[in-house]
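Dear colleague,

Please find below the structure that I am handing over to you. An account of what was found in it follows.

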Amino acid sequence: MKAQLEPFFQPTSIAIIGASEHPASLGNAVMENMLKAGYQGQLIPVNPKYRMVKGLTCYRSVLDIPGKVDLAVIQIPAKFVPDVVDECGRAGIKALLILSAGFKEAGEKGHALLDRVLDNARKHQIRILGPNCLGIMNPNIGMNATFASRGALPGKIAFISQSGALCASILDWATEQNVGFSYFVSIGSMTDIGFHDLIEYMSTDPNTSSILIYMESLNDARKFMSAARAYARTKPILVLKSGSSEEGAKAALSHTGSLAGNDLVFDAAFKRAGMLRVEKMADLFYCAQALAMQPRPTGSRLAIITNAGGPAVLTTDYLMRKGGKIAQLSPHTMESLNELLSANWSHNNPIDILGDGTAEQFGRSLRLCLDDPEVDAVLVIFVPQAITPPDTVAWAVVQEAQHTNKPVFSSWMGEADVTKAWDILEQGSVPTFRFPESAVDVFLLMNEYAKNLEILYQTPEEVPEAFTPDRDKARQVIQDALDKGITQLGREAMTEILDAYEIPVTRVIHAATTEEALAAAEQLGYPVAVKIDSPDISHKTDVGGVVLDIHHPDSLRVTFDRVMQNARQARPEARLLGVTVETMADKRYELMIGAKHDPVFGPVLVFGMGGVAVEVFKDLQMALPPLNMALARHLVQGTRIYKLLEGYRNMPGVDLDAIYFLLIRFAYLVMDFPEIEEMDLNPFAVDEHGGMVLDARMMIRPVETGGRPYEHLVISPYPSQYSKTFQLKDGTEAILRPIRPEDEPLEARLFDYLSKETIYFRFFGYIPEVDHEFLSRFTQIDYDREMAIVAEAEVNGQRTIIGVVRIVGDNWHDGAEFAIVIADAWQHQGLGSAMADYIIQIARERGFNRLYASFLKSNTAMNRLFRAKGFAIRSEDAQTQYGELMLKENASV
């Protein structure tokens, strides 16, 4: 619950355990920082060695403190911390900030101490931030519970860091750059409170405009992804991630394993959650400020206005190298600039208005560029000249930038001569940079962030056809292999599994002898391919174990012997079962479709250029399952080979929709079996006539199952288990099922069946426009934290949603808000009651403690429904009532 974190960030009383007068102690540093920051709450030193610290009464123990303590800050030797945690629990303190080191990082002894700390915390239901951290700052209330050498300025950026040392340097830099913070948190070892808790808390804070994270590792990826996906659309979350896991660097048996390093998986995860990853510390703050000041760009086309050609040309070169585009100005803009500027202006973009350019010319040029539909953003570069004052140009830029939905960036180059202009630009919400290359970096990062969000909430089209995998068949193949101790599946087993998921694969026949190989070729028909068959050889080409395009029996006899001999020489210890004989596939392109189990994020999908040179070209993109058609398309479009697949020059394109659908089926295979450690379909040969898998391998391992379905995933897939049928009183058959992103057109049509009164009751007002942005919030949901059940019926031959009931869980999975709407023509048919019962059942299964809703007093139908279902109802104000249903007897309100 949010109330559990409130004492960390809005405490009215803080006990400093280990407070000291000794100049070199942490206790002294924290006390001095709190006093210097001007904390207005009650500050309570605790140390048995002192009676007074910094002029304040000092207590021997927290048990001696009269009154309530919101937060205890602990900075004492690690060996004493477990007992102090117990004392805090007995004193009723529920929030502990532990600065002390000597736990996880101190080996076996430290781990034992930490176990005792956590045992005592659980016993008293205490939340812990740390240990081994710098502390917390909330400048807006004068709180600096750290031992940093300086404090933070107040602002709207929340900063979370795993590195205490980095925090200290950031504070120094931020003060010089006049960057302020709403919260500044050193998270330490994350033994309890993690990134997801802080994202949940800070995302709902009105004083926070963006959340910045410095990350070294991640503990609970599923909760992190859920929290980030819930809020990234409305509040930017920027991440600077360092390092890569040891697991990700280990040698792997498959191409996917060796290519899909752990750091690349973090990239894919951040994009899927709508977060923005940056590579430089400065970009973390520059982007946060720019996103707070300016609208997001809708493309990468930049117009540059300047009074100095050299910096503009260098900036253009830098923009193009970084993947941006220099905007091609429209004829209208060019004509207008010709009329506005002197005859010697550059007559192109960059727009060099020359050294004597006036403030008016800067402002009107900016307006022309902002009005040009070919321009996505504008960068103004100003170099001080004797003729035009820098501050007057800054004012002109600010005036025009206030009347546009396109981002404007500035670079006033210099120092003392442009200081006043910097202040004018910053106060006018125009981000400014000492060097224009930094502005380009931020513009392109903002564009990447905007594209990530657009793709994330794009409405996916329906899959081309019905898909029902034979999971039982695939499960039997995998389990049989594990029972025999087999961890690498051979071609025959892979063919069965791929068939079960409707993934096309070439016909293959195992041959242990030359005679069997000849018979297989006769059955399949020439030409054929021959590949070594061994559970110990993963990359067959590397050992000379693949021969293609065999047209004659005599060639096949020679090939069989050569392939077997090559394998014996290259891998004498390997078990050789013979060869596989396969039909040849003459396809233009070779792709790779793969998967691996990542130690942090679980199953990860890989797509790109395939064949024997896959590790040379490394043209690969990664994604987290599950996929839909839009996400699969984005995965494919991110590769270089996509240009060829869509059709290039006189070569026809492939059926891209078929590839997207194939990726969806492949993702289900990966999701359905946590036993899959690594898998390659390489190559998947494809052309305009279709595609098929030519070779496949899978590494498996035994895993313990029995928990919730798909608990090994970090993103919950579509919960198909919640589908059932219901018959209305008039005989109409309806399917009750969870909502899907693909339902957006049906959800839009639902509003055609809602009266103005029904809309008013559901949304407490009338809706001006039912557009994609509005609908995507209802159809693209995180099934871990909310659930929406739709009633689908056939109306006039069309699939139609006639009702929706939903619950939206709070940040800590305690309660969920309830909402329901039934289309007018199907009201009073028992549908609303049935849907309410169903969602209440689902809420209980998912462990929520209570359901609640506010509704208008004039909505008598809702009042009757709530009373029938056991909701307790009370008046909120003159117009609204509040209903609450306790799902567990001991649940707290």
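May I begin with a question: is helix α7 mostly covered or mostly uncovered? The model is a predicted one, and in it α7 is mostly covered, with nine of its 11 residues buried. These buried residues are Ala221, Arg222, Phe224, Met225, Ser226, Ala227, Ala228, Arg229 and Tyr231. They pack against α6, β12, β13 and α10, the last of which spans residues 262–272.

The overall picture

The protein contains 30 helices and 38 strands. Along the principal axes, its C-alpha atoms fill a box of roughly 95 × 80 × 70 Å. A compact globule of 893 residues would have a radius of gyration near 29 Å, and the value of 32 Å for the protein agrees with this. Of the 893 residues, 57% count as buried. The accessible surface comes to about 37,900 Å², and carbon and sulfur atoms account for 49% of that area. When contacts between residues at least 6 apart in sequence are considered, 70% of them join residues at least 24 apart.

The largest nonpolar core

The largest nonpolar core has 64 residues, and the members that touch the most others are Phe9, Met202, Ile213, Phe224 and Phe601. Helix α7, residues 221–231, supplies the largest share of this core, namely six residues. Phe224 thus appears both among these members and among the buried residues of α7.

Phe9 merits a closer look. Beyond its neighbours within four places in sequence, Phe9 is in contact with Ile136, Asn138, Ile141, Met143, Tyr183, Val185, Leu198, Tyr201 and Met202. Two of these contacts, Ile136 and Val185, are also bridge partners, with Val185 lying in β11.

The seven-stranded sheet

An open sheet of seven strands follows the order β9-β8-β11-β10-β12-β13-β14, and its pairing is mixed. The edges are formed by β9 (143–146) and β14 (276–278); each has a single partner strand, so one side of each is left without a neighbour in the sheet. On average, and with direction ignored, neighbouring strands of this sheet are turned by 25° against each other.

The pairing can be followed strand by strand. Strands β8 (residues 135–138) and β11 (residues 180–186) run antiparallel and are joined by two bridges. By contrast, β10 and β12 pair in the parallel sense over five bridges, and Phe159 stands opposite Leu212 in β12. Strands β12 and β13 also run parallel, joined by five bridges, and the bridge partner of Ile213 in β13 is Val239.

How is β12 placed with respect to burial? Six of its six residues are buried. In a regular strand the side chains alternate between the two faces of the sheet. In β12, Ser210, Leu212 and Tyr214 point one way, while Ile211, Ile213 and Met215 point the other way.

Helices also lie on this sheet. Helix α6 (residues 195–203) lies across β10 (153–161), β11, β12 (210–215) and β13 (237–241), and runs at about 165° to β12. Helix α11 (residues 281–293) packs on the sheet as well, touching β10, β11, β12, β13 and β14, and its direction makes about 175° with that of β13.

A second sheet

An open sheet of four strands has the order β21-β24-β22-β23, with antiparallel pairing. Its edge strands are β21 (508–511) and β23 (546–550), each of which pairs on one side only. Here the average turn between neighbouring strands, direction ignored, is 25°. Strand β21 pairs with β24 (residues 578–583) in the antiparallel sense over four bridges, and the bridge partner of Ile509 in β24 is Val581.

A buried loop residue

Tyr39 is found in the loop between α2 (26–37) and β2 (42–46). Why does Tyr39 count as buried? The reason is its relative accessibility of 11%, because buried means under 20%. Apart from residues up to four places away in sequence, Tyr39 touches Pro11, Thr12, Ser13, Ile14, Met34, Ile141, Gly142 and Met143. Ile141 and Met143 are also among the contacts of Phe9. Tyr39 and Leu713 are 674 residues apart in sequence, and their C-alpha atoms are 44 Å apart in space.

With kind regards

Methods
Residues are numbered from 1 along each chain as its sequence is written. Side-chain values use heavy atoms; hydrogens and water are left out. A nonpolar core is a set of buried Ala, Val, Leu, Ile, Met, Phe, Trp, Tyr and Cys residues joined through side-chain atoms within 4.5 Å. Buried means under 20% relative accessible area, exposed over 50%, partly exposed in between (1.4 Å probe, protein chains only). Contact means heavy atoms within 4.5 Å. Two strands pair if DSSP finds at least two bridges between them. Axes are lines fitted to C-alpha atoms, for helices over the stretch in contact, and angles run from 0 to 180 degrees between N-to-C directions. The radius of gyration is taken over C-alpha atoms; the globule rule is 2.2 Å times the number of residues to the power 0.38. Accessible areas come from the Shrake-Rupley method with a 1.4 Å probe; for residues, only the protein chains shown count as cover.
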